[in-house]
Amino acid sequence: MSHFSTVKTELRDRAALIDALRDLGHDPREGDRAVRGYRGQTVQADLALLGEEGGDIGFRWNEANGSYELVTDLDLWRQPIPVERFLAKLTQRYALRSILAASSAEGFQVSEQHQTADGSIELVVTRWV
């Protein structure tokens, strides 16, 4: 019998999370959403990535931790990569989006951005004073 699993994250900024999910090619659905699992079971989430035949991926706000947690039925995981790798890629894009937003708020502009052979992202920001 399948059930939902919850994975704690350090993802706190909703806008950065949504942008990171879009960067990875997903179409996050916002609002109170039912995340579907095995045999029609559901759990509520604040954001959802809809899968085929259930197997949705949800993110719900955990007030106690002050962060979003991933919730999904791991038995129905249909992503091309394991959940751990999915979260690693998402966390990297989330960090980039957070840095870009903070840099922009401080008056910086991106002058260079590229991904290295090992998958890391190098970013150069400048500000004229």
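In what order do the elements of the protein run from the N terminus on? The run is β-α-β-β-β-β-α-β-β, with helices (H or I, at least four residues) and strands (E, at least two) taken as DSSP runs and numbered from the N terminus. This is a predicted model, in which local features need pLDDT of at least 70 and side-chain atom pairs count only at pLDDT 80 or more, while totals for chains, interfaces and linings use all residues. Residues are numbered from 1 along each chain as its sequence is written, and side-chain values use heavy atoms, with hydrogens and water left out.

**View 1. Welcome to the whole protein, with its two helices and seven strands.** Along the principal axes, the C-alpha atoms fill a box of roughly 60 × 35 × 20 Å. Of the 129 residues, 34% count as buried, that is, under 20% relative accessible area (exposed is over 50%, partly exposed in between; 1.4 Å probe, protein chains only). Among contacts with a separation of 6 or more, 44% come from residues 24 or more positions apart; a contact means heavy atoms within 4.5 Å.

**View 2. Here is the open sheet of five strands, in the order β1-β5-β4-β3-β2 with antiparallel pairing.** At its edges are β1 (5–11) and β2 (29–36), each of which pairs on one side only. From one strand to the next, the twist averages 45°. Two strands pair if DSSP finds at least two bridges between them.

**View 3. Next, follow β5 (residues 67–72) to its partner β1.** These two strands pair in the antiparallel sense over five bridges, and V7 stands opposite L70 of β5. T72 also has its place in β5. Why does T72 count as buried? Its relative accessibility is 0%, so T72 counts as buried. Leaving aside residues up to four places away in sequence, T72 touches H3, F4, S5, G55, D56, I57 and W77.

**View 4. On the other side of the pairing story, β4 joins β5 through six bridges, running antiparallel.** N62 has S67 in β5 as its bridge partner. Four residues lie between the strands of this β4 and β5 hairpin, where G66 takes a positive phi near 65°. Strand β4 also pairs with β3 in the antiparallel sense, over three bridges, and the bridge partner of L49 is I57 in β4.

**View 5. Now meet the helices, beginning with α1 (residues 14–23), which lies across β1, β2, β3 (42–49), β4 (57–62) and β5.** Helix α1 runs at about 80° to β3. Helix α2 (residues 83–105) packs on the sheet too, touching β1, β3, β4 and β5. The direction of α2 makes about 20° with that of β1. For these angles, axes are lines fitted to C-alpha atoms (for helices over the stretch in contact), and the angles run from 0 to 180 degrees between N-to-C directions.

**View 6. Finally, take a look at the hairpin of β6 and β7.** Strand β6 (residues 109–115) and strand β7 (residues 121–126) pair in the antiparallel sense over six bridges. Q113 has L123 in β7 as its bridge partner. Five residues lie between the two strands, and G119 takes a positive phi near 95° in this hairpin.
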